[in-house]
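Please open the model in your viewer and keep the sequence beside it, since this tour moves from one selection to the next.

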Amino acid sequence: MRISEKPDRDSRAPVNAERPGSPGALSGPASRKLPVPPRERKPALAALALLLVLGGALATTLLVVRSGDRVTAIRITQQIGPGQPIIPAAMEEVQIADTGIAYVDYRHRDEVAATFARVTLLPGTLLTEAMVSRDSEQSGPGKVTLGLALKPGQMPIGLQRGDHVQVLYVPGSGRGTTQGKVLAPSALVENVGSSETSSTGLVSIIVDSSVSPTVAMYASSGEIALGKLAGTG
């Protein structure tokens, strides 16, 4: 009877040995990777981010709350030039949100009526204290208000109260070779109206008392013209 020989145990590979190409086997550069250090946490940055979020939320809440607070202010309804008085008819009461800007309260309108515009005030302007002055260089001592009756062509179209004009002498046709000249380089327009019986335009201007007699003399003969200065309204 033939007896089969058993294979030698030493020639077999160990049961637990990893075979080349198996998933658990490490080879090449992968087997030489350095251990990855644990990720460092930065609690200071996290806390700063949280504070920024909370600060933004608080600011938004404050704006929403303050937007519900209403205050009264003075809104200008007519153009007022520098140096002109702020008349009661040019003021109206408005309710606005309290934004922290120091607008003049409508309760002080009587005090404002005793002041003068420091700058040109356009309709719709919300008045602040920086826009008014107790004194006026345009209508103070040494100034005279003159009324002029001008024909078409002697004053610009659209002239308004608060504009600054140049007062010009324009010789009539019977003056020969007499040339025109500037009587007042800058005069403040106090009022603008129109005549109900003619096409004459009525204009009140404020000029220096030193030139007022000359302006009045030429105005009586119809030899006055007004030119609006650029950038004054």
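The stops below begin with the whole chain and then turn to a few places along it.

**The whole chain**

Begin with everything selected, and bear in mind throughout that this is a predicted model. Coloured by secondary structure, the chain shows 3 helices and 9 strands, and if you follow the sequence from its start these elements come in the pattern α-β-β-α-β-β-β-β-β-β-α-β. Of the 233 residues in the chain, 27% are buried. If you switch on the surface, the accessible area of the chain is about 16,300 Å², and carbon and sulfur atoms account for 56% of that. Among the contacts that join residues at least 6 apart in sequence, 66% link residues at least 24 apart.

**Helix H1 and a surface patch**

Next select residues 43-67, which make up helix H1, and find Leu-45 within this helix. Is Leu-45 buried or exposed? Leu-45 counts as exposed because its relative accessible area is 51%, and the cut-off for that word is over 50%. Now add Leu-48 and Leu-52 to the selection, and you will have a nonpolar patch on the surface, in which these two residues and Leu-45 together offer about 320 Å² of accessible area.

**The loop around Thr-125**

Move on to the loop that runs between strand S3 (116-117) and strand S4 (132-133), where Thr-125 is found. A polar atom of the Thr-125 side chain lies 2.7 Å from the backbone oxygen of Leu-122, so both residues are worth showing as sticks. If neighbours within four places in sequence are left aside, the residues in contact with Thr-125 are Ile-74, Arg-75, Ile-76 and Met-131.

**Helix H3 and its two sides**

Finally, select helix H3, residues 212-220, and pick out its buried residues, which are Ser-212, Val-215 and Tyr-218. Turn the view until you look down the axis of H3: the buried residues fall within an arc of 135 degrees, and therefore they line one face of the helix. A general point helps here, for an α-helix has 3.6 residues a turn, so residues three or four places apart point the same way.

What covers the buried residues of H3? The cover includes strand S5 (143-150), strand S6 (164-169), strand S7 (181-194), strand S8 (201-208) and strand S9 (224-228). Rotate to the face of H3 turned away from the buried side, and you will meet the exposed residues Pro-213 and Ser-220. The last stop lies just after H3, where Gly-222 takes a positive phi of about 75 degrees.

Definitions and conventions. Residues are numbered from 1 along each chain as its sequence is written. This is a predicted model: local features need pLDDT of at least 70, side-chain atom pairs count only at pLDDT 80 or more; totals for chains, interfaces and linings use all residues. Side-chain values use heavy atoms; hydrogens and water are left out. Patches are made of residues with over 30% relative accessible area and no salt bridge: like charges are joined within 9 Å, nonpolar side chains (Val, Leu, Ile, Met, Phe, Trp, Tyr) within 5 Å. Accessible areas come from the Shrake-Rupley method with a 1.4 Å probe; for residues, only the protein chains shown count as cover. A salt bridge is a side-chain nitrogen of Lys or Arg within 4 Å of a carboxyl oxygen of Asp or Glu. Helices (H or I, at least four residues) and strands (E, at least two) are DSSP runs, numbered from the N terminus. Buried means under 20% relative accessible area, exposed over 50%, partly exposed in between (1.4 Å probe, protein chains only). The arc is that of the directions from the helix axis to the C-beta atoms. Contact means heavy atoms within 4.5 Å. A polar contact is a pair of N or O atoms within 3.5 Å; within protein, one must be able to donate a hydrogen and the other to accept it, and residues adjacent in sequence count only if both atoms are side-chain atoms.
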